[in-house]
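Open the model in your viewer and keep the selection panel at hand. The tour goes stop by stop.

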Amino acid sequence: MKLPFPIADRYNRFNRFLREKFGEKVYRICLDAGFTCPTRDGTLGTKGCVYCNNTSFGEEHRKNLLTIPQQMETGITRLYEKRKIKKYLAYFQSYTNTYSNLKYLEKIYKESLNFPGVVGLLIGTRPDCINNKIINLLQELNKSIFVSLEIGIESVYDKTLKWAERGHNFEQTIQSIKMAKDAGLHVCGHYILGFPTENRHEILSSVDILNNLKIDAIKLHHLHIVKKSKLAEIYLADPFPLFSEQEWIYLICDFLERLNPSIVIQRLVGDAKSDTLISPKWKLGKTQILNRIQATLAERNSYQGKNYNERLK
Ligand code: SF4
């Protein structure tokens, strides 16, 4: 099998994808446009998904936000002064970034692109907050700029989505990804491993289902318990096992071996601010974990997709 990445890398890295696509280093500028989510604003709930930090998110937060052009300008200046970066991706990251009316979405997306050096738009959202009109808008923007829709899949199992109080089912995920892919958009799936509702076999079986979704990229996170989430109350009252660093490293290696090698890896470990994290508190930093994943794959003489074709036969 011809791999779409150098074997020494062991998996299909996002940085290499960006360099090949844009010819140089590209950095994301994270934007907060003051969105909310249907699981927060009362439409489907008020406390957010079970694992989400539910810090108050009201008028006060919105009032203090910089405008999108101000956030872009600040981000570009900072990146240029610190690293001489000249190409940027506008990343609508906070909450559900398609959860508003079309006119407002068009306005803020276009505002973010209106700066020299901006080569793409990344938009994080939920499967139930995408519709034809939004896809048409993104398809139009995608004619002149790279557009990636980051969709929160989180689990392929309805029992987990229900437990996590996501407010949507997996069929909605399938349909939203299909809509985006049919429109020619780049799709990155956000996926969480470690829900107490799934055993190891179910987690690894989910890779086949993810392969069939035909996503372009994936972000993998371990389940962590953060303060001010509903899960914190559940966990502290009745703790359940979470992954240790070593378990995570082995699981990710097994996961990658099954994953289609053409899926670009945007993330292999979750991030939580240390002042909000309750558990698991790992001693290794992110870079050390990534190095160990790479070393473990090398020791196994393995790589992303090693078992992908074999398992399709
Ligand atoms: S997990 Fe995502 S969709 Fe759920 S409440 Fe938090 S930001 Fe919103």
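**Stop 1: the start of the chain**

Select Arg-10, which lies in the segment before α1 (14-22). Check its backbone: Arg-10 is not a glycine, yet its phi is positive, about 75°. Bear in mind throughout that this is a predicted model.

**Stop 2: the whole chain**

Zoom out and show the cartoon. How many helices and strands are in the chain? There are 12 helices and nine strands. The radius of gyration is 19 Å, close to the 20 Å that the globule rule gives for 313 residues, so the chain is as compact as a globular protein of that length. Now switch to the C-alpha trace. Along its principal axes the trace spans about 50 × 50 × 40 Å.

**Stop 3: around the ligand**

Select the residues around the ligand: Cys-37, Thr-39, Arg-40, Gly-48, Cys-49, Tyr-51, Cys-52, Tyr-95, Arg-126 and Arg-166. Colour this shell by class. Five of its residues are nonpolar, two are polar and three are charged. The charged ones to pick out are Arg-40, Arg-126 and Arg-166.

**Stop 4: α4 against α5**

Select helix α4 (residues 102-113) and helix α5 (residues 132-141). Their axes come within 11 Å and cross at roughly 20°. Angles under 35 degrees count as roughly parallel, and α4 and α5 are therefore roughly parallel to each other. The crossing is right-handed.

Add side chains. On the α4 side, show Leu-102, Leu-105, Glu-106, Tyr-109, Lys-110 and Leu-113. They meet Lys-133, Ile-134, Leu-137, Leu-138 and Leu-141 of α5. By class, this contact of α4 with α5 has eight nonpolar residues, no polar ones and three charged ones.

**Stop 5: α8 against α10**

Move on to helix α8 (residues 200-212) and α10, whose axes come within 9 Å and cross at roughly 30°. That makes α8 roughly parallel to α10. The handedness of this crossing is right-handed.

From α8, display Arg-200, Ile-203, Leu-204, Ser-206, Val-207, Leu-210 and Asn-211. Opposite them in α10 are Tyr-250, Leu-251, Asp-254, Phe-255 and Arg-258. The contact of α8 with α10 divides into seven nonpolar, two polar and three charged residues.

**Stop 6: α10 against α11**

Keep α10 (residues 245-258) selected and add helix α11 (residues 286-299). At what angle do α10 and α11 pack? The angle is about 55°, and the axes are 9 Å apart. α10 and α11 are therefore oblique to each other. Their crossing is right-handed.

α10 brings Glu-245, Trp-248, Ile-249, Tyr-250, Ile-252, Cys-253, Leu-256 and Glu-257 to this contact. α11 brings Ile-289, Arg-292, Ile-293, Thr-296 and Leu-297. Nine residues of the contact of α10 with α11 are nonpolar, one is polar and three are charged. Leave Tyr-250 labelled: this residue touches α11 and also meets α8.

**Stop 7: a cis peptide bond**

Where does Pro-280 lie? Look in the loop between β9 (277-279) and α11. Select Ser-279 and Pro-280 together. The peptide bond joining Ser-279 and Pro-280 is cis, with omega about -5°.

How values were computed. Residues numbered from 1 in each chain as written. Predicted model: local features only at pLDDT ≥ 70, side-chain atom pairs only at ≥ 80, totals over all residues. Heavy atoms only, no water. Axes fitted to C-alpha atoms, helices over the stretch in contact; angles between N-to-C directions. Helix = DSSP H or I, 4+ residues; strand = E, 2+ residues; numbered from the N terminus. Parallel < 35°, antiparallel > 145°, perpendicular 65-115°, else oblique. Left-handed = near helix turned anticlockwise from the far one by under 90°. Contact = heavy atoms within 4.5 Å. Near = heavy atom within 4 Å. Rg over C-alpha atoms; globule rule 2.2 N^0.38 Å.
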